[in-house]
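Dear colleague,

Please find the structure below, handed over for your use. A summary of what was found in it follows.

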Amino acid sequence: MSGFLSKRLSSLIPYTPGEQPKMLDLIKLNTNESPFPPSPKAQKAAAEAAKRLELYPDPQCRRLTQAVASNLGLDPDQVLMTNGSDEILYFAFLAFCDSDTPAVMADITYGFYKVYADLCGVKKNVIPLKDDFTVDVDGFCNAEGTVFLANPNAPTGLLLPLCDVERILSSKPDRVVLVDEAYVDFGGESAIKLLDRYDNLIVTRTFSKSRSMAGARLGFGAASKELIGDLNTVKYSINPYNINSMTMAAGLGVMADEEYTLENCRSIISNREYTCAELKKMGFTLTDSKTNFIFCAHPDVDGSEIYSRLREKGILVRHFDQERIKNHNRITVGSLEQMQSLLKALEEILKEK
Ligand code: PMP
């Protein structure tokens, strides 16, 4: 620390991203990326856009916003495109939390919620998940503040039924509820259809997972045009050009290739179901994941040991130190071949035990 850092930030613990290893031969199942390349249409469009980088991108991101809105049956002024969905989350913390309005979140959820709350200097109203890792819906209904709810949740992979999301939305109509749908394309039930009934709802999505564009950084928020207006106030106060031209073009390319995305999602879901069935046969306990990752633990081997033994065998998964989940690992669902290597490695680890 330099000694110049503001007092407000001196105790901030930043988010720890999953490792991006230099060794290319590692099987990388630690950051929930897609095992598939981006759509050829996205690649071609990005390469074309690279020829015009002397110009600023469209700050309103009109064509892409229009494409996303029409895909969801929304008005373009109900959508705000951002630099990954992390950026729309940050905008929402800035716009809808303050010293009187804490951020409501689960104890086990996407780690960035806590970091953004701390960065923005707002209090956290933490509602612990139940013992089976399901969301304490009554806890969320009764809590004061802006709600940040990942659905399906990460790293548990569990889906909260839409009727429960609605209970949270209607419990306090005068507070904002943000539903983070980063993983919704792998078997979730989207809250987008609730937007015309709840003007306190924001739904966020990412192009990083189902659309294979983690490296391009693209996400968005969908909400009433008034909430999107508030979020735009924040955006235009930070970075009007938040989406670069190549990403914008790639986003349009992938939106024009819906069948490619759907086919990849079907593959991931099928690989997930296969892997989960095999893991169960080996004695792992698993949550009923509706995402592109598996959250699992084994009664005979520590989570941290499984993590390190897999790493020695060239397979990278994600382990969290948080007390309640330290025996678990989060394993990204990759290609069938990657999943078979994972299962083989786990079998060896269990046998060696
Ligand atoms: N929400 C959740 C629940 C996530 O797991 C992630 C990915 N780490 C994000 C949001 C952010 O994704 P991105 O910024 O790549 O869109």
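Two strands are taken to pair if DSSP finds at least two bridges between them. The model is a predicted one.

By that criterion, strand β2 (residues 79-82) and strand β8 (residues 219-223) pair in the antiparallel sense, over 4 bridges. Within this pairing, V79 lies opposite A222 of β8. The side chains of β2 alternate: V79 and M81 point one way, L80 and T82 point the other way, and all are buried.

A second region of interest is an open sheet of 4 strands, in the order β9-β10-β13-β12, with antiparallel pairing. Its edges are formed by β9 (285-286) and β12 (318-319); each has a single partner strand, so one side of each is left without a neighbour in the sheet. Strands β10 (residues 293-297) and β13 (residues 329-332) are joined in the antiparallel sense over 4 bridges, and F295 stands opposite R330 in β13.

Helix α9 (residues 258-281) was examined for its length. At 1.5 Å a residue, its 24 residues should span 34 Å, and the end C-alpha atoms are 35 Å apart, which agrees. The buried residues of α9 are T261, N264, C265, I268, N271, R272, T275, C276 and L279. These buried residues pack against α8 (245-255), α11 (336-352) and two strands of the open sheet, β9 and β10. After α9 comes G283, which has a positive phi, near 95°.

With kind regards

Methods. Residues numbered from 1 in each chain as written. Predicted model: local features only at pLDDT ≥ 70, side-chain atom pairs only at ≥ 80, totals over all residues. Heavy atoms only, no water. Buried < 20%, exposed > 50% of the residue type's maximum accessible area, 1.4 Å probe, protein only. Expected span 1.5 Å × (residues − 1). Contact = heavy atoms within 4.5 Å.
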